[in-house]
Amino acid sequence: MTSPVDDGVEIAVGLLHKQLPADRVVAGEATAEAVKLWNGQVRQRPAVIARCHTTDDVRTAVLAAQSAGLPLSVLGGGHDWGGGAIRDGGLLVDLSAMRQVTVQATGQVTAEGTEGTEARVGGGATVSDVLDAVRPHGYAAAVGTVSSVGFAGLTLGGGYGTLIGLLGLGVDNLLSAEVVLADGRVVTADPEHEPDLFWALRGGGGNFGVVTELRTRLHPHAEVTTGLIAFSWDQAGSVLRGWRDLMAGVAGADGAAAADDALDVMFGALHTPAGLVLFTSPTWAGDPARADEQIGRVRALGAPVLEDVGRRALADAVHAMDELFPRGRNYYLSSRLLPGLTDAAIDEFVRAGDVMPTTCALNVHHAHGAATRVAADATAYQYRDEHLVVEILGSWTDGDGAAETGWVRDTERRLDAYALPGGWPNLMARDDPRAADAFGSNTERLLAVKAHYDPDGVFMAMPLPR
(Lines give C-alpha, C1' and ligand atoms only; values in the text may rest on other atoms or scores of the structure.)
Protein backbone atom coordinates (compact mmCIF):
# COMPACT_ATOMS: atom_id res chain seq x y z
CA MET A 1 0.00 0.00 0.00
CA THR A 2 1.35 3.41 -0.90
CA SER A 3 1.21 6.41 1.41
CA PRO A 4 -0.37 9.74 0.54
CA VAL A 5 3.16 11.14 0.23
CA ASP A 6 4.14 8.43 -2.26
CA ASP A 7 0.95 9.08 -4.18
CA GLY A 8 1.74 12.80 -4.26
CA VAL A 9 5.23 12.17 -5.56
CA GLU A 10 3.89 9.90 -8.28
CA ILE A 11 1.32 12.52 -9.31
CA ALA A 12 3.93 15.29 -9.40
CA VAL A 13 6.41 13.23 -11.42
CA GLY A 14 3.72 12.27 -13.88
CA LEU A 15 2.65 15.88 -14.39
CA LEU A 16 6.23 17.07 -14.79
CA HIS A 17 7.07 14.37 -17.33
CA LYS A 18 4.22 15.56 -19.52
CA GLN A 19 5.89 18.95 -20.07
CA LEU A 20 9.57 18.67 -19.11
CA PRO A 21 12.29 16.49 -20.68
CA ALA A 22 12.96 13.36 -18.63
CA ASP A 23 16.43 14.48 -17.56
CA ARG A 24 14.98 17.58 -15.90
CA VAL A 25 12.90 15.58 -13.45
CA VAL A 26 14.70 13.91 -10.55
CA ALA A 27 12.94 11.74 -7.98
CA GLY A 28 13.69 9.13 -5.33
CA GLU A 29 17.18 8.40 -4.04
CA ALA A 30 18.77 10.40 -6.86
CA THR A 31 17.68 13.67 -5.22
CA ALA A 32 20.29 13.22 -2.46
CA GLU A 33 23.15 13.77 -4.90
CA ALA A 34 21.34 16.16 -7.21
CA VAL A 35 21.35 19.09 -4.78
CA LYS A 36 24.42 20.39 -2.98
CA LEU A 37 23.88 23.50 -0.90
CA TRP A 38 26.47 25.92 0.42
CA ASN A 39 25.88 24.78 3.99
CA GLY A 40 26.89 21.16 4.48
CA GLN A 41 24.79 21.11 7.66
CA VAL A 42 21.53 21.02 5.68
CA ARG A 43 20.21 17.48 5.75
CA GLN A 44 16.68 17.73 4.36
CA ARG A 45 15.99 16.21 0.94
CA PRO A 46 13.24 16.90 -1.61
CA ALA A 47 11.17 14.05 -3.01
CA VAL A 48 11.12 15.58 -6.49
CA ILE A 49 13.33 18.10 -8.28
CA ALA A 50 12.17 20.05 -11.33
CA ARG A 51 15.19 21.47 -13.15
CA CYS A 52 13.68 24.53 -14.77
CA HIS A 53 15.08 26.34 -17.80
CA THR A 54 12.21 28.73 -18.55
CA THR A 55 9.40 30.56 -16.83
CA ASP A 56 6.98 28.05 -18.36
CA ASP A 57 8.97 25.25 -16.71
CA VAL A 58 8.61 27.00 -13.36
CA ARG A 59 4.88 27.42 -13.87
CA THR A 60 4.61 23.69 -14.65
CA ALA A 61 6.50 22.82 -11.46
CA VAL A 62 4.45 25.12 -9.24
CA LEU A 63 1.17 23.72 -10.55
CA ALA A 64 2.43 20.13 -10.25
CA ALA A 65 3.26 20.67 -6.58
CA GLN A 66 -0.16 22.19 -5.97
CA SER A 67 -1.97 19.35 -7.73
CA ALA A 68 0.05 16.71 -5.89
CA GLY A 69 -0.25 18.37 -2.48
CA LEU A 70 3.53 18.54 -2.02
CA PRO A 71 5.38 21.27 -0.13
CA LEU A 72 7.19 23.62 -2.50
CA SER A 73 10.60 25.26 -2.23
CA VAL A 74 12.86 27.18 -4.58
CA LEU A 75 16.62 26.83 -5.14
CA GLY A 76 18.56 29.77 -6.54
CA GLY A 77 22.17 30.25 -5.46
CA GLY A 78 21.84 27.73 -2.62
CA HIS A 79 23.19 30.05 0.09
CA ASP A 80 20.14 29.82 2.34
CA TRP A 81 22.16 28.69 5.36
CA GLY A 82 19.07 27.54 7.29
CA GLY A 83 17.97 25.15 4.55
CA GLY A 84 14.78 26.94 3.51
CA ALA A 85 15.60 26.19 -0.12
CA ILE A 86 14.73 22.53 0.52
CA ARG A 87 11.65 21.11 2.21
CA ASP A 88 11.77 17.47 3.21
CA GLY A 89 9.61 15.36 0.95
CA GLY A 90 8.64 18.34 -1.16
CA LEU A 91 9.02 19.49 -4.74
CA LEU A 92 12.09 21.60 -5.37
CA VAL A 93 11.97 24.20 -8.13
CA ASP A 94 15.62 24.30 -9.20
CA LEU A 95 16.50 27.57 -10.95
CA SER A 96 20.23 26.90 -11.28
CA ALA A 97 19.98 26.65 -15.08
CA MET A 98 18.28 30.06 -15.29
CA ARG A 99 21.45 32.12 -14.92
CA GLN A 100 21.27 34.37 -17.96
CA VAL A 101 22.35 38.01 -17.60
CA THR A 102 21.62 40.51 -20.37
CA VAL A 103 22.91 44.10 -20.34
CA GLN A 104 20.92 46.78 -22.11
CA ALA A 105 20.63 50.57 -22.22
CA THR A 106 17.43 52.06 -20.84
CA GLY A 107 17.34 55.06 -23.16
CA GLN A 108 17.19 57.34 -20.12
CA VAL A 109 19.78 59.70 -18.65
CA THR A 110 20.79 59.21 -15.02
CA ALA A 111 21.16 61.91 -12.38
CA GLU A 112 24.92 61.75 -13.01
CA GLY A 113 24.35 62.63 -16.67
CA THR A 114 25.27 59.19 -18.01
CA GLU A 115 23.10 56.86 -20.05
CA GLY A 116 21.03 54.55 -17.88
CA THR A 117 21.87 50.86 -18.13
CA GLU A 118 20.19 47.81 -16.65
CA ALA A 119 20.60 44.07 -16.53
CA ARG A 120 17.98 41.36 -16.93
CA VAL A 121 18.98 38.61 -14.52
CA GLY A 122 17.67 35.06 -14.38
CA GLY A 123 16.28 33.84 -11.07
CA GLY A 124 19.10 31.33 -10.61
CA ALA A 125 22.00 33.69 -11.31
CA THR A 126 24.67 34.29 -8.68
CA VAL A 127 26.38 37.55 -7.82
CA SER A 128 29.34 36.18 -9.78
CA ASP A 129 27.20 35.66 -12.88
CA VAL A 130 26.00 39.25 -12.72
CA LEU A 131 29.31 40.97 -12.01
CA ASP A 132 31.17 38.88 -14.59
CA ALA A 133 28.56 39.65 -17.25
CA VAL A 134 28.42 43.40 -16.67
CA ARG A 135 32.07 44.25 -16.14
CA PRO A 136 33.08 44.04 -19.86
CA HIS A 137 30.56 46.86 -20.34
CA GLY A 138 32.18 48.90 -17.58
CA TYR A 139 29.40 48.38 -15.05
CA ALA A 140 28.72 46.88 -11.64
CA ALA A 141 25.57 46.01 -9.73
CA ALA A 142 24.60 47.34 -6.32
CA VAL A 143 25.13 44.16 -4.31
CA GLY A 144 27.75 41.60 -3.53
CA THR A 145 30.49 40.77 -1.06
CA VAL A 146 30.59 37.01 -1.77
CA SER A 147 30.20 35.98 -5.40
CA SER A 148 28.54 32.56 -4.97
CA VAL A 149 25.43 34.02 -3.28
CA GLY A 150 22.22 33.95 -5.34
CA PHE A 151 21.60 37.40 -6.79
CA ALA A 152 17.81 37.26 -6.47
CA GLY A 153 17.78 36.09 -2.85
CA LEU A 154 20.38 38.63 -1.79
CA THR A 155 18.68 41.49 -3.61
CA LEU A 156 15.13 40.74 -2.47
CA GLY A 157 16.27 40.30 1.13
CA GLY A 158 17.82 43.77 1.25
CA GLY A 159 21.09 43.61 -0.64
CA TYR A 160 24.10 44.87 1.30
CA GLY A 161 27.26 45.46 -0.71
CA THR A 162 30.48 47.41 -0.95
CA LEU A 163 28.91 50.18 -3.04
CA ILE A 164 26.08 50.77 -0.56
CA GLY A 165 27.02 54.38 0.24
CA LEU A 166 26.84 55.42 -3.41
CA LEU A 167 24.14 53.13 -4.77
CA GLY A 168 22.00 52.12 -1.81
CA LEU A 169 20.70 48.62 -1.12
CA GLY A 170 19.99 46.02 -3.76
CA VAL A 171 16.26 46.60 -3.29
CA ASP A 172 16.77 50.27 -4.17
CA ASN A 173 18.12 49.26 -7.58
CA LEU A 174 15.45 46.72 -8.48
CA LEU A 175 13.41 47.89 -11.48
CA SER A 176 11.01 44.98 -11.89
CA ALA A 177 10.53 41.28 -11.17
CA GLU A 178 8.80 38.51 -13.09
CA VAL A 179 6.97 36.28 -10.62
CA VAL A 180 5.18 32.93 -10.93
CA LEU A 181 2.40 32.90 -8.33
CA ALA A 182 1.01 29.87 -6.49
CA ASP A 183 -1.97 29.64 -8.85
CA GLY A 184 0.31 29.54 -11.90
CA ARG A 185 -0.22 33.13 -13.00
CA VAL A 186 2.86 34.94 -14.26
CA VAL A 187 2.98 38.63 -13.36
CA THR A 188 5.48 41.44 -13.71
CA ALA A 189 5.82 43.59 -10.61
CA ASP A 190 7.13 47.14 -10.97
CA PRO A 191 6.03 50.60 -9.84
CA GLU A 192 3.12 50.65 -12.32
CA HIS A 193 2.12 46.98 -12.38
CA GLU A 194 1.34 45.02 -9.20
CA PRO A 195 2.86 47.88 -7.13
CA ASP A 196 2.01 46.29 -3.78
CA LEU A 197 3.80 43.11 -4.78
CA PHE A 198 6.77 45.13 -6.01
CA TRP A 199 6.91 46.93 -2.66
CA ALA A 200 6.74 43.65 -0.71
CA LEU A 201 9.35 41.84 -2.79
CA ARG A 202 11.87 44.53 -1.88
CA GLY A 203 12.71 43.20 1.56
CA GLY A 204 10.08 40.46 1.90
CA GLY A 205 12.02 38.22 -0.46
CA GLY A 206 10.63 35.25 -2.34
CA ASN A 207 7.68 34.75 0.00
CA PHE A 208 5.08 35.61 -2.64
CA GLY A 209 6.03 33.50 -5.65
CA VAL A 210 8.96 32.25 -7.71
CA VAL A 211 11.00 35.17 -9.05
CA THR A 212 12.17 34.00 -12.46
CA GLU A 213 13.76 37.23 -13.68
CA LEU A 214 14.86 40.58 -12.25
CA ARG A 215 15.66 43.88 -13.87
CA THR A 216 18.29 45.76 -11.90
CA ARG A 217 19.94 49.15 -12.40
CA LEU A 218 23.65 49.12 -13.26
CA HIS A 219 26.33 51.70 -12.43
CA PRO A 220 29.71 52.64 -13.97
CA HIS A 221 31.85 51.27 -11.16
CA ALA A 222 33.34 48.10 -12.63
CA GLU A 223 36.72 49.07 -11.15
CA VAL A 224 37.32 50.33 -7.63
CA THR A 225 40.22 50.73 -5.24
CA THR A 226 39.79 47.99 -2.68
CA GLY A 227 41.49 45.30 -0.65
CA LEU A 228 42.50 44.46 2.90
CA ILE A 229 44.14 46.38 5.72
CA ALA A 230 44.45 44.35 8.91
CA PHE A 231 45.58 45.25 12.41
CA SER A 232 46.78 43.05 15.26
CA TRP A 233 43.99 42.13 17.65
CA ASP A 234 45.47 44.14 20.51
CA GLN A 235 44.68 47.23 18.43
CA ALA A 236 41.04 46.20 17.85
CA GLY A 237 39.42 48.53 20.36
CA SER A 238 41.34 51.62 19.30
CA VAL A 239 40.91 50.88 15.58
CA LEU A 240 37.16 50.48 15.98
CA ARG A 241 36.89 53.74 17.90
CA GLY A 242 38.88 55.36 15.12
CA TRP A 243 36.61 53.79 12.49
CA ARG A 244 33.60 55.25 14.29
CA ASP A 245 35.15 58.72 14.31
CA LEU A 246 36.19 58.45 10.66
CA MET A 247 32.71 57.53 9.51
CA ALA A 248 31.10 60.23 11.65
CA GLY A 249 33.52 62.94 10.60
CA VAL A 250 34.94 63.56 14.05
CA ALA A 251 38.01 65.69 13.50
CA GLY A 252 41.18 63.72 13.97
CA ALA A 253 44.77 64.40 13.13
CA ASP A 254 43.82 65.21 9.54
CA GLY A 255 40.84 67.35 10.54
CA ALA A 256 38.86 65.61 7.79
CA ALA A 257 35.12 65.76 7.32
CA ALA A 258 32.76 62.79 7.44
CA ALA A 259 33.64 59.92 5.16
CA ASP A 260 32.49 60.29 1.57
CA ASP A 261 29.61 58.11 0.36
CA ALA A 262 32.08 56.54 -2.07
CA LEU A 263 34.15 55.11 0.81
CA ASP A 264 32.90 51.89 2.33
CA VAL A 265 34.85 50.17 5.10
CA MET A 266 33.69 46.73 6.13
CA PHE A 267 35.48 45.32 9.15
CA GLY A 268 35.57 42.22 11.28
CA ALA A 269 37.56 39.57 13.08
CA LEU A 270 39.41 36.78 11.32
CA HIS A 271 42.07 34.22 12.17
CA THR A 272 45.02 34.35 9.77
CA PRO A 273 48.46 32.69 9.68
CA ALA A 274 49.67 35.87 11.38
CA GLY A 275 47.16 35.38 14.19
CA LEU A 276 43.80 36.90 15.05
CA VAL A 277 43.36 40.26 13.33
CA LEU A 278 40.89 43.11 13.19
CA PHE A 279 40.53 43.39 9.43
CA THR A 280 39.17 46.27 7.42
CA SER A 281 38.10 45.98 3.81
CA PRO A 282 38.08 49.52 2.43
CA THR A 283 36.54 50.21 -0.97
CA TRP A 284 36.85 53.57 -2.68
CA ALA A 285 34.50 53.98 -5.67
CA GLY A 286 35.04 57.69 -6.21
CA ASP A 287 37.63 59.65 -8.22
CA PRO A 288 40.70 57.36 -8.56
CA ALA A 289 42.92 60.40 -8.02
CA ARG A 290 41.63 60.57 -4.43
CA ALA A 291 42.09 56.86 -3.69
CA ASP A 292 45.42 57.20 -1.85
CA GLU A 293 44.02 59.94 0.36
CA GLN A 294 40.89 57.96 1.22
CA ILE A 295 42.58 54.61 1.80
CA GLY A 296 45.23 56.42 3.81
CA ARG A 297 42.56 57.49 6.30
CA VAL A 298 41.83 53.82 6.98
CA ARG A 299 45.49 52.86 7.14
CA ALA A 300 46.03 55.59 9.75
CA LEU A 301 43.59 53.95 12.17
CA GLY A 302 46.46 51.88 13.58
CA ALA A 303 49.65 50.06 12.68
CA PRO A 304 48.72 47.57 9.91
CA VAL A 305 50.16 44.06 10.05
CA LEU A 306 48.72 43.03 6.67
CA GLU A 307 47.90 45.18 3.65
CA ASP A 308 46.82 44.43 0.09
CA VAL A 309 44.96 47.30 -1.56
CA GLY A 310 44.89 48.27 -5.22
CA ARG A 311 42.83 49.23 -8.24
CA ARG A 312 40.79 46.14 -9.10
CA ALA A 313 37.71 44.93 -10.88
CA LEU A 314 34.89 44.79 -8.33
CA ALA A 315 34.08 41.32 -9.64
CA ASP A 316 37.59 40.08 -8.79
CA ALA A 317 37.43 41.55 -5.30
CA VAL A 318 34.11 39.83 -4.62
CA HIS A 319 35.39 36.51 -6.00
CA ALA A 320 38.29 36.67 -3.55
CA MET A 321 35.90 36.47 -0.59
CA ASP A 322 34.61 33.06 -1.68
CA GLU A 323 37.77 31.38 -0.44
CA LEU A 324 36.90 32.33 3.13
CA PHE A 325 33.46 30.69 3.00
CA PRO A 326 33.63 27.69 0.63
CA ARG A 327 30.61 25.66 -0.43
CA GLY A 328 30.07 22.40 1.44
CA ARG A 329 31.56 23.38 4.80
CA ASN A 330 29.35 23.28 7.91
CA TYR A 331 27.91 26.65 8.91
CA TYR A 332 25.81 28.13 11.69
CA LEU A 333 25.06 31.82 11.21
CA SER A 334 23.39 34.69 12.93
CA SER A 335 23.44 38.47 12.87
CA ARG A 336 22.67 41.54 14.91
CA LEU A 337 21.86 45.03 13.67
CA LEU A 338 23.45 47.82 15.69
CA PRO A 339 22.50 51.50 15.39
CA GLY A 340 26.15 52.40 15.93
CA LEU A 341 29.33 51.53 17.81
CA THR A 342 29.16 52.65 21.41
CA ASP A 343 32.20 52.07 23.57
CA ALA A 344 30.32 49.26 25.34
CA ALA A 345 29.40 47.58 22.05
CA ILE A 346 33.02 47.79 20.91
CA ASP A 347 34.15 46.15 24.15
CA GLU A 348 31.70 43.26 23.66
CA PHE A 349 32.75 42.86 20.03
CA VAL A 350 36.37 42.58 21.15
CA ARG A 351 35.47 40.07 23.88
CA ALA A 352 33.66 37.95 21.29
CA GLY A 353 36.78 37.98 19.15
CA ASP A 354 38.96 37.04 22.11
CA VAL A 355 37.21 33.66 22.38
CA MET A 356 36.37 33.10 18.69
CA PRO A 357 37.19 29.58 17.40
CA THR A 358 39.80 29.60 14.67
CA THR A 359 37.38 28.63 11.88
CA CYS A 360 34.81 31.32 12.73
CA ALA A 361 34.60 34.97 11.78
CA LEU A 362 32.86 38.27 12.43
CA ASN A 363 31.98 40.44 9.44
CA VAL A 364 30.37 43.88 9.70
CA HIS A 365 28.58 45.82 6.94
CA HIS A 366 28.00 49.54 7.29
CA ALA A 367 24.71 50.92 5.93
CA HIS A 368 25.35 54.57 5.13
CA GLY A 369 25.00 57.20 2.45
CA ALA A 370 22.44 56.48 -0.27
CA ALA A 371 20.97 53.52 1.64
CA THR A 372 19.91 55.87 4.45
CA ARG A 373 18.25 58.44 2.19
CA VAL A 374 15.24 56.23 1.44
CA ALA A 375 12.07 56.38 3.53
CA ALA A 376 11.53 53.40 5.84
CA ASP A 377 8.17 52.67 4.22
CA ALA A 378 9.36 53.00 0.60
CA THR A 379 10.21 49.30 0.55
CA ALA A 380 9.34 46.42 2.84
CA TYR A 381 12.91 46.55 4.16
CA GLN A 382 12.61 48.92 7.10
CA TYR A 383 16.17 49.65 8.27
CA ARG A 384 16.99 53.03 6.73
CA ASP A 385 18.85 54.87 9.45
CA GLU A 386 22.61 54.44 9.50
CA HIS A 387 23.41 51.06 11.06
CA LEU A 388 25.77 48.11 11.19
CA VAL A 389 25.01 44.51 10.26
CA VAL A 390 27.16 42.19 12.36
CA GLU A 391 27.38 38.79 10.68
CA ILE A 392 28.30 36.10 13.21
CA LEU A 393 29.75 33.24 11.18
CA GLY A 394 30.21 29.83 12.74
CA SER A 395 32.09 27.38 10.52
CA TRP A 396 33.73 23.98 10.90
CA THR A 397 34.86 21.02 8.82
CA ASP A 398 35.09 18.24 11.42
CA GLY A 399 33.28 17.38 14.64
CA ASP A 400 29.81 18.26 15.85
CA GLY A 401 30.24 22.03 15.71
CA ALA A 402 29.25 22.44 19.36
CA ALA A 403 32.04 24.90 20.14
CA GLU A 404 31.42 26.97 17.02
CA THR A 405 27.64 27.00 17.43
CA GLY A 406 28.00 27.87 21.10
CA TRP A 407 30.27 30.78 20.23
CA VAL A 408 27.69 32.14 17.74
CA ARG A 409 24.96 32.00 20.39
CA ASP A 410 27.19 33.58 23.03
CA THR A 411 28.06 36.40 20.63
CA GLU A 412 24.37 36.98 19.93
CA ARG A 413 23.80 37.43 23.65
CA ARG A 414 26.79 39.75 23.99
CA LEU A 415 25.37 42.10 21.35
CA ASP A 416 21.67 41.86 22.22
CA ALA A 417 21.74 44.82 24.57
CA TYR A 418 23.06 47.08 21.79
CA ALA A 419 20.97 45.72 18.90
CA LEU A 420 17.94 47.07 17.09
CA PRO A 421 14.68 45.10 17.39
CA GLY A 422 14.21 42.45 14.73
CA GLY A 423 17.11 42.09 12.33
CA TRP A 424 18.05 41.00 8.82
CA PRO A 425 15.67 38.18 7.81
CA ASN A 426 18.16 36.80 5.26
CA LEU A 427 20.26 35.60 8.18
CA MET A 428 17.42 34.26 10.32
CA ALA A 429 16.33 30.68 10.75
CA ARG A 430 12.65 29.97 10.20
CA ASP A 431 11.87 29.81 13.92
CA ASP A 432 13.82 32.97 14.86
CA PRO A 433 11.58 34.98 17.22
CA ARG A 434 13.14 38.23 15.98
CA ALA A 435 11.14 37.87 12.76
CA ALA A 436 8.18 39.33 14.63
CA ASP A 437 9.95 42.71 14.72
CA ALA A 438 11.98 42.53 11.51
CA PHE A 439 9.62 44.69 9.43
CA GLY A 440 8.53 47.20 12.06
CA SER A 441 5.75 49.51 10.92
CA ASN A 442 5.76 47.78 7.51
CA THR A 443 4.49 44.52 9.02
CA GLU A 444 0.75 45.03 8.54
CA ARG A 445 1.11 45.97 4.88
CA LEU A 446 3.55 43.13 4.22
CA LEU A 447 1.24 40.50 5.69
CA ALA A 448 -1.69 41.91 3.71
CA VAL A 449 0.30 41.48 0.49
CA LYS A 450 1.21 37.95 1.54
CA ALA A 451 -2.45 37.11 2.18
CA HIS A 452 -3.44 38.50 -1.21
CA TYR A 453 -0.79 36.85 -3.38
CA ASP A 454 -0.12 33.65 -1.43
CA PRO A 455 -3.14 33.02 0.82
CA ASP A 456 -2.28 29.36 1.36
CA GLY A 457 1.31 30.02 2.43
CA VAL A 458 2.89 28.03 -0.39
CA PHE A 459 6.12 30.04 -0.41
CA MET A 460 8.48 30.16 2.60
CA ALA A 461 11.65 31.81 1.42
CA MET A 462 12.59 33.52 4.69
CA PRO A 463 10.91 34.28 8.01
CA LEU A 464 7.94 36.61 8.09
CA PRO A 465 6.06 37.88 11.15
CA ARG A 466 3.14 35.68 12.19
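## Tyr381 and its ring neighbours

Let's start with Tyr381: its relative accessibility is just 1%, so this residue counts as buried, the cut-off being under 20%. Keep in mind that you're looking at a predicted model. Tyr383 is buried too, with a relative accessible area of 8%. How do the rings of Tyr381 and Tyr383 sit relative to each other? Their centres are 5.7 Å apart and their planes make an angle of 65°, so this pair is edge-to-face.

Going by ring pairs, the structure has seven aromatic pairs. Another of them brings Tyr381 together with Tyr160: here the planes are at 80° and the centres 6.1 Å apart, so this pair is edge-to-face as well. Where do these two residues come from? Tyr160 belongs to the loop between helix 5 (151-156) and helix 6 (164-167), while Tyr381 belongs to the loop between strand 15 (361-367) and strand 16 (387-396), so the pair ties together parts that are 221 residues apart in sequence. Both Tyr160 and Tyr381 are buried. Add Trp424 and you get a cluster: ring pairs link Tyr160, Tyr381, Tyr383 and Trp424.

## A charge over a ring

Rings can have other company, too. Have a look at Trp199: the charged end of Arg445 sits over its ring, 4.0 Å from the ring centre.

## Strands side by side

Now for some strands. Strand 1 (residues 25-27) and strand 2 (residues 48-51) run antiparallel and are joined by three bridges. If you want to find the spot, look for Val25, which stands opposite Ala50 in strand 2.

Strand 2 also pairs with strand 4 (residues 91-94), and which way do these two run, parallel or antiparallel? They run parallel, with four bridges between them. One place to check this is Val48, whose bridge partner in strand 4 is Leu91. While you're there, a handy rule: side chains in a regular strand alternate between the two faces of the sheet.

## A cavity inside

How many cavities of 30 Å³ or more turn up in a search of the whole structure? There is one. The largest cavity holds about 30 Å³ of space.

Its lining is made of Leu131, Val134, Arg135, Tyr139, Ala140, Ala222, Leu314 and Ala315. Sorted by class, that lining has seven nonpolar residues, one charged residue and no polar ones. Arginine counts as charged, so the charged one is Arg135. Two helices each supply at least two lining residues: helix 4 (127-134) and helix 10 (314-321).

Notes: Residues are numbered from 1 along each chain as its sequence is written. This is a predicted model: local features need pLDDT of at least 70, side-chain atom pairs count only at pLDDT 80 or more; totals for chains, interfaces and linings use all residues. Side-chain values use heavy atoms; hydrogens and water are left out. On a 1 Å grid over the protein atoms alone, a cavity is a set of points where a 1.4 Å probe fits but cannot get out, and a pocket is an open set with protein on both sides within 12 Å along at least five of seven lines; lining residues have an atom within 4 Å of a point. Grid points are joined across faces, edges and corners, and a volume is the space filled by probe spheres set on the points. Two strands pair if DSSP finds at least two bridges between them. Rings of Phe, Tyr and Trp (its six-membered ring) pair if their centres lie within 6.5 Å; planes under 30 degrees apart count as stacked, over 60 as edge-to-face and the rest as tilted. Buried means under 20% relative accessible area, exposed over 50%, partly exposed in between (1.4 Å probe, protein chains only). A charge sits over a ring if NZ of Lys or CZ of Arg is within 6 Å of the ring centre and within 35 degrees of the ring normal.
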